[in-house]
Amino acid sequence: ADLVAMARATMADPQHVTKVRLGRADEVRPCIGLNECIHAHMVDGLPYGCGVNPRWARESEPSRAALPTNGRRDILVIGGGPAGTELAGLAAERGHHVHLWERNGHLGGALTIAAKARANAQYRDWITWQTARLERAGVHVALGRTATVAEILAVGADTVVMATGATPRRPDITGADAPHVVEAADALDDSTSLGDRILVIAEDDGPAPLAVADHLAGLGHRVTVAHQTPGPAPLVGKYSIGGMLRRLDDEGVSFIANARVVAIGSPADDVTFAHSYSNRRWTAGPFDSVVLACGAVADDGLYQTLRTRHPDVHLLGDAYAPRRMIFATRQAWDLAALL
């Protein structure tokens, strides 16, 4: 198992051993256990890949992304999530002059939220590494900086990259605006007010709903997960889903399969479900709180306004389409090769 883990670690950073020997262990790009190295192929039918190292499994492909630039540009990146920071790092390492604006007081974007779940604690390692990488590469990072079209245009950058992420998707469910219905990110921030019985509505086919359920169950809540598919998290490969389901079962988490939530009552009332295929209705509960883990919607409004007023604007990461991290970092790699 140690050898397997080290093999995966060298996918994340092929120079792992060399850096350690040279006393530069802090520069090793960490493997954070995304398992994209196999999910990309087994789940999506795509070539193998790595979520934190977009070059892995593409080493033989000619690409300018790893070569010094022939023409230095001033590049402004809006958004400090995986896509924005990866593009900023790659562009600066190529020799471009890069500024990055992030509206929060830290880098990481959606990965910072995911890292709050106890099963994802290792995600913080990549955020820490990426932050240090940008500093080494000379990227000028401005935290707490909210971008506007006027401010972006005033900078006069040659290229603007919009990596503004996504916003939580709120499903059209009767009662979804009730006070006891909360977003998954808020539930990870503070579960003390959620009560004992929690229903997690899983309308995200990735691992997020299961990570949220695991986190809440680990804090002592009684958790039920409702999903519209025959099995939970269909976009999680078999080499990851087994361990997740084992832990959830050990914690007493229950599942309601093939179930679409159509109405949420008050905390003292039941929740109404409809069968995904027959539309049969039934109720279950009551639940003290309902947690929405329903995916995200691209936040591309600033890009749509800016693209008609600047000659070279690009859309990246979840702002382009909310997907797994491997798509964000690989899209950054491909864009870096064009700059």
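Me: Let's start with a pair of residues. Which residue in β15 stands opposite Met162?

Reply: Bear in mind that this is a predicted model. Strand β4 covers residues 159-162 and pairs with β15 in the parallel sense, over three bridges. Look across from Met162 to β15, and the residue standing opposite is Leu315.

Me: What is the order of the strands in the open sheet of five with parallel pairing?

Reply: Begin at the edges: β3 (140-143) and β15 (313-315) each pair on one side only. You already know one pairing inside this sheet, since β4 and β15 are joined over three bridges. Put the five strands in a row, and the order reads β3-β2-β1-β4-β15.

Me: How many degrees does the twist average from one strand to the next there?

Reply: We're still on the open sheet of five strands, the one with parallel pairing. Going from one strand to the next, the twist averages 15°.

Me: At about what angle does α4 run to β2?

Reply: α4 takes in residues 82-94. This helix lies across β1 (74-78), β2 (97-102) and β4. Its angle to β2 is about 165°.

Me: Which element supplies the largest share of the lining of the second largest pocket?

Reply: That pocket has a volume of about 510 Å³. Of the 25 residues lining it, the closest to its centre are Lys19, Arg29, Asn53, Arg55 and Glu93. Two helices, α4 and α6 (123-137), each give at least two residues to the lining. The largest share is four residues, and they come from α4.

Me: And by class, how many residues in that lining of the second largest pocket are charged?

Reply: Split the lining up by class and you get eleven nonpolar residues and two polar ones. The charged residues number twelve.

Me: About how much space lies in the largest cavity?

Reply: Rolling a probe the size of a water molecule over the atoms shows where empty space is left. Here, one cavity of 30 Å³ or more turns up. The space in the largest cavity comes to about 100 Å³.

Me: Which helix gives the largest share of the lining of the largest cavity?

Reply: This cavity is lined by 13 residues, with Cys31, Leu34, Asn35, Cys50 and Gly51 nearest its centre. Sorted by class, the lining has eight nonpolar, three polar and two charged residues. Both α1 (2-12) and α3 (36-42) supply at least two of the lining residues. The largest share, three residues, comes from α1.

Me: Why is one side of β10 and of β12 left without a neighbour in the sheet?

Reply: These strands belong to an open antiparallel sheet, ordered β10-β11-β12. β10 (259-264) and β12 (281-284) stand at its edges, so one side of each has no neighbour because each has a single partner strand.

Me: Which residue in β11 stands opposite Val261?

Reply: β10 pairs with strand β11 (residues 271-275) in the antiparallel sense, over five bridges. From one strand to the next in this three-strand sheet, the twist averages 35°. Opposite Val261 you'll find a residue of β11, Phe273.

Me: What is the bridge partner of Ile198 in β8?

Reply: Ile198 falls within strand β7, residues 197-202, where five of the six residues are buried. β7 and strand β8 (residues 222-227) pair in the parallel sense over six bridges. In β8, the bridge partner of Ile198 is Val223.

Notes: Residues numbered from 1 in each chain as written. Predicted model: local features only at pLDDT ≥ 70, side-chain atom pairs only at ≥ 80, totals over all residues. Heavy atoms only, no water. 1 Å grid on protein atoms, 1.4 Å probe; cavity = no way out; pocket = protein on both sides within 12 Å on 5 of 7 lines; lining within 4 Å. Points joined across faces, edges and corners; volume = space filled by probe spheres on them. Nonpolar A, V, L, I, M, F, W, Y, C, P; charged D, E, K, R; others polar. Pairing = 2+ DSSP bridges. Axes fitted to C-alpha atoms, helices over the stretch in contact; angles between N-to-C directions. Contact = heavy atoms within 4.5 Å. Buried < 20%, exposed > 50% of the residue type's maximum accessible area, 1.4 Å probe, protein only.
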